[in-house]
Structures are given as structure tokens and as C-alpha cells.
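This report describes the main elements of one protein chain and how they are arranged. The sequence and structure come first, followed by the description.

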Amino acid sequence: MEAIVPVVDFQRLSEEEERKKLRKTCEKPGCFRIINHSIPLTLMADMKSVVKYLHDLPTEIKMRNKPSVPESGYRAAMPTSPLYEGMGIYDMHASPQAFEDFCSNLNVSPRHRQIIKEYGQAIHDLASNLSQKMAESLGIMDNDFKDWPFILRTIKYSFTPDVIGSTGAQLHSDTGFITLLQDDEHVSGLEMMDDFGSFKAVPPIPGAFLCIVGDVGHVWSNGKFWNARHRVICKETGTRYSFGAFMLSPRDGNVEAPKKLVEVDHVQRYRPFKYEDLRDFRITTGKRDGEVLDQYRIC
């Protein structure tokens, strides 16, 4: 059974009805497709070619993609996630050196460098603008997301006949505010969990980005936006690629609901915390779903 994933038209977010739709989809199911965005289809296709090239590099070269913060660099397949491989660049819009280090360490060609740079800038702009629209849908007009750090993350799943039915990515919620994912158009596997604990397949829409609200988005919205639980399952043979922007938290790391939202709701649902503490707790405990926020819940 397929999940019903709402579609939001980015070009129409200046209209009240589309903003209401955006808010409703962020509240439940906490994920949606964004169409008519600013990233050219040619750039999306070029970036996918680059992602395939990067993941085909020898392991000893990929291991040069060192993490500047946890979970931002190369991650090889592990016993708990044997089908998963990841690479990433942290904060490349604010730290040009991070981008240069990534390209130099992996011997990226000038042409591929240009594609990564253009795509990284474009998807950061889209993610920050979309985050702004999400905030405005709640009546928060003065929050600037352009300086929020993000990870440009690429993921490869190796699906072979002997692992059909196996887990590619365990059930989890994303840690940050919002994830913009360019999903694989040909190899399926992504599933969302509904309110009844059932899993439903997420069909791709070529040219669209799948947007998933994360833990920070849930807390920042004072519990209004839903941090969607999802997983990846091997359903067919092939190599699955997905990549995009993982928008994290305010640069100072402080995660809390804006005062205006607390005043409107007459209650603060979560106490403030540091993003790094949430991330580190998930890593050390192995807990990956939204229940990790219970430790910060006030009511």
C-alpha cells in the first residue's frame, strides 16, 4: 500500500491557501513533496551522476571524507545497516573550506566540483526558503534560516537478490528541522509509518523533493509539526541513491520554540536543549525515533 504524500507548490506559497496546506502537511503526516521549486531538472540529473561516481570510488578514497561533526562524513556499511553507505559535507555554505577539503581529498574533477557547488548552494537556498515559509505558516515572520548549518548528504543502498526484505535504514526520525531529499526515481524502498504503526511505500515523483520534518522541527514548532518516522526496505534488486539537504538547527545549537508560539499556545511543550546533546544521545544510545525527545518534554 502506498502512502498519501501531499504535494506543495513552492511557487504558490505566497497564496494563503497553499500556506495553509503547507502547515497542515507539516502537522501530519510530517512529510510532503515540493514541486515547482527553483532547482533545474538538469542540475538534479547532473548531481545524481556525481553521486554515483563518488560512491563508486575505492573505499580507501571515500574514507578520506572525514566527519567535521558526527555523522557528517563517510559512513561505510555496518552490521546494523549492511546495505547503507553515506557521504557528506557539513556547512559548505558557511565554510568554503569544507567544500574544498571534500573535493581535494576525493580528487573530484573540476566539472564535478562545479556541479556539487551549484547543487549545494541551490538546495541550501531552497531548504532555508522553505523553512521560512513553514515558520510563516505558524505566524513567525522574523526567523532567518539562511545561517542554519546543514549537511549535504548522499546515500547509496546496495540491494541484491539475497537481501530482499532486509532493512536498508532502520525506523527513525531525522534529527534536524527539515530534510529535503532527492529520491531515487527507479529503485523503491522508502516507507513512512502511519499513526497505526503500519508502513506504507512512498512513491517517487521525478523532479520533486521529498520533505521530511525532523525532531528539531517538532520541538521548534512547539509540537505542532510532526517528526515523521520512516525506514528503507529492500524490495527489489538494484542500487538505490538518495541525497539532499539535512537542515539541522540554529547555528548556536539552541533548540526551543519561539516565544510567540509559546504565548499563543499558553504552554511550552519542551524545555530548551542543545542540538549537539540530542545528536550525541541518539548516537550513544542507538535510539533513532522521535521518542528521544521525551527527555525534554514538559507537557
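## Annotated domain

A UniProt record, an unreviewed entry, places the feature "domain: Fe2OG dioxygenase" at residues 147-250. Over residues 147-250, the chain is 6% helix and 45% strand. The C-alpha atoms at the two ends of this stretch are 8 Å apart. The structure described here is a predicted model.

## The sheet of seven strands

An open sheet is formed by 7 strands in the order S1-S2-S9-S6-S11-S4-S3, and its pairing is mixed. Strand S1 (7-9) and strand S3 (84-90) are at the edges; each has a single partner strand, so one side of each has no neighbour in the sheet. From one strand to the next, the twist averages 25°.

At the S3 edge, the partner is strand S4 (residues 150-159): S3 and S4 run antiparallel and are joined by 7 bridges. Ile89 has Leu152 in S4 as its bridge partner. Helix H1 lies across S1, strand S2 (31-35) and strand S9 (209-213). The direction of H1 is at about 145° to that of S1.

## The sheet of four strands

Another open sheet has 4 strands, in the order S5-S10-S7-S8, and the pairing is antiparallel. Its edge strands are strand S5 (167-172) and strand S8 (199-201), each of which pairs on one side only. The twist here averages 30° from one strand to the next.

Which strand pairs with S8, and over how many bridges? Strand S7 (residues 190-193) pairs with S8 in the antiparallel sense, over 3 bridges. Met192 stands opposite Lys200, a residue of S8.

## Helices packed against H5

Two packed helices are described by the angle between their axes and the distance between the axes. Three packings that involve helix H5 are set out below, beginning with that of H1.

Helix H1 (residues 16-27) and helix H5 (residues 110-137) have axes that come within 9 Å and cross at roughly 95°. That angle makes H1 roughly perpendicular to H5. On the H1 side, the contact is made by Arg19, Leu22, Arg23 and Cys26, and on the H5 side by Leu130, Lys133, Met134 and Ser137. By class, the residues of this contact of H1 with H5 are 4 nonpolar, 1 polar and 3 charged.

## H2 and H4 against H5

Helix H2 (residues 41-55) and H5 have axes that come within 10 Å and cross at roughly 125°. H2 and H5 are therefore oblique to each other, and their crossing is left-handed. H2 contributes Leu43, Met44, Asp46, Met47, Val50, Tyr53 and Leu54 to the contact, while H5 contributes Arg111, His112, Ile115, Ile116, Glu118, Tyr119 and Ala122. The residues in the contact of H2 with H5 comprise 10 nonpolar, 1 polar and 3 charged.

Helix H4 (residues 96-105) packs with H5 at an angle of about 150°, and the two axes are 11 Å apart. Are H4 and H5 roughly parallel or roughly antiparallel to each other? An angle over 145 degrees counts as roughly antiparallel, and H4 and H5 are therefore roughly antiparallel to each other. The crossing of H4 and H5 is right-handed. Phe99, Glu100, Phe102, Cys103 and Ser104 of H4 meet Arg113, Ile116 and Lys117 of H5. This contact of H4 with H5 has 4 nonpolar, 1 polar and 3 charged residues. Ile116 of H5 is listed in the contact with H2 and also in the contact with H4.

## Backbone details in two loops

Most residues other than glycine have a negative phi, and most peptide bonds are trans. Two places in the loops of this model are described against that background.

Where in the chain is the peptide bond from Lys28 to Pro29, and is this bond cis or trans? The bond is cis, with omega near 15°, and Pro29 is found in the loop between H1 and S2. The other place is Glu71, which has a positive phi of about 70° although this residue is not a glycine. Glu71 lies in the loop between helix H3 (59-62) and S3.

How values were computed. Residues are numbered from 1 along each chain as its sequence is written. This is a predicted model: local features need pLDDT of at least 70, side-chain atom pairs count only at pLDDT 80 or more; totals for chains, interfaces and linings use all residues. Side-chain values use heavy atoms; hydrogens and water are left out. Axes are lines fitted to C-alpha atoms, for helices over the stretch in contact, and angles run from 0 to 180 degrees between N-to-C directions. Angles under 35 degrees count as roughly parallel, over 145 as roughly antiparallel, 65 to 115 as roughly perpendicular and the rest as oblique. Contact means heavy atoms within 4.5 Å. Ala, Val, Leu, Ile, Met, Phe, Trp, Tyr, Cys and Pro count as nonpolar, Asp, Glu, Lys and Arg as charged, and the others, Gly among them, as polar. Two strands pair if DSSP finds at least two bridges between them. UniProt positions are given in the numbering used here, feature names are shortened, and annotations may be inferred rather than shown by experiment. A crossing is left-handed if the near helix is turned anticlockwise from the far one by less than a right angle, and right-handed if clockwise.
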